[in-house]
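Me: I'd like to go through the side-chain contacts in this one, rings to begin with and charges after that. Can you take me through them?

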Amino acid sequence: MLIETETTPNPATLKFLPGQAVMTAGTRDFADADEAAASPLASALFSLGDVTGVFFGRDFVSVTAAPGVDWRDLKPQVLSVLLDHFSSGSPLFAPGSAAEILVPADESFAENPEDADIVAQIKDLIDTRVRPAVARDGGDIAYRGFDRGVVYLAMHGACSGCPSSTATLKQGIETLLKHYVPEVTEVRAA
């Protein structure tokens, strides 16, 4: 089995492509070892000690290294864990974990029912134009709300904490949404 690796815009994160599906639907982000308990693979990656984030996409795993960690040392260890996992056919999630539960979006942004058409346009653009591009960089983006012209989005995986994530939000996503949805005046991280 060959696992390819790709760099991401976030120098602390590498994207690993096992050549097979990782998640059949959705994505999953693990910010620490406690969250990773739901997945034997995520737990094994965190047990390496120098891992601070694991993200599962459709066909990739993004791994974030702790500050100061050299990928030349960590990469072979991550590859070994991934090879063991995927070649053994082990389950991605522990039985009885909450792996298949969809966590609803942050409800802190009460949306006006009159904005339903605008919100639908925003979500469609995010799903068809933004998320595929962000996934190529080893991450994901989630819609969190729309309030008085402001779109709130959350970055996950390689995009979370990436030095260029603010530029991605402001120059890329905000420009796209403003162009297609004139009611959008700003995009903010949630």
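**Rings and charges**

Reply: A start can be made with F55, which counts as buried at 1% relative accessibility; please keep in mind throughout that this is a predicted model.

Me: Which ring does F55 pair with, and how are the planes set?

Reply: F55 forms an aromatic pair with F60, with 6.0 Å from centre to centre and 35° between the planes, and the pair is tilted. F60 is buried as well, its relative accessible area being 3%.

Me: What lies over the face of F60?

Reply: That is K15, which lies over the ring face of F60 at 4.7 Å from the ring centre. K15 is itself buried, with a relative accessible area of 5%.

Me: Which residue forms a salt bridge with K15?

Reply: K15 forms a salt bridge with E6, and the closest N and O atoms of the two are 3.8 Å apart. E6 is partly exposed, with a relative accessible area of 32%, whereas K15 is buried.

Me: Back to rings, then: how many aromatic pairs does the count come to?

Reply: The count comes to four aromatic pairs. One of them is F16 with W71, where the ring centres are 6.1 Å apart and the planes stand at 50°, so this pair is tilted.

Me: Why does the pair of F16 and W71 tie together parts that are apart in sequence?

Reply: F16 lies in strand β2 (residues 13-17) while W71 lies in helix α2 (residues 71-88), so the pair ties together parts that are 55 residues apart in sequence. Both F16 and W71 are buried.

Me: Which residues form an aromatic cluster?

Reply: F30, F56 and F93 form one aromatic cluster.

Me: Switching to charges, how many salt bridges does the structure hold?

Reply: The structure holds eight salt bridges, and the one between E6 and K15 has already come up. Among the others is the bridge in which the side chains of D59 and R58 meet, at 3.6 Å from N to O.

Me: Are D59 and R58 buried or exposed?

Reply: D59 is partly exposed, with a relative accessible area of 27%, while R58 counts as exposed at 57% relative accessibility.

Me: And what about R131, which partner does it bridge to?

Reply: R131 forms a salt bridge with D140, the closest N and O atoms being 2.7 Å apart. R131 counts as partly exposed at 28% relative accessibility, whereas D140 is buried, with a relative accessible area of 7%.

Me: Which residues are joined into one network there?

Reply: D127, R131 and D140 are joined into one network by salt bridges that share partners.

Definitions and conventions
Residues are numbered from 1 along each chain as its sequence is written. This is a predicted model: local features need pLDDT of at least 70, side-chain atom pairs count only at pLDDT 80 or more; totals for chains, interfaces and linings use all residues. Side-chain values use heavy atoms; hydrogens and water are left out. Rings of Phe, Tyr and Trp (its six-membered ring) pair if their centres lie within 6.5 Å; planes under 30 degrees apart count as stacked, over 60 as edge-to-face and the rest as tilted. Helices (H or I, at least four residues) and strands (E, at least two) are DSSP runs, numbered from the N terminus. Buried means under 20% relative accessible area, exposed over 50%, partly exposed in between (1.4 Å probe, protein chains only). A charge sits over a ring if NZ of Lys or CZ of Arg is within 6 Å of the ring centre and within 35 degrees of the ring normal. A salt bridge is a side-chain nitrogen of Lys or Arg within 4 Å of a carboxyl oxygen of Asp or Glu.
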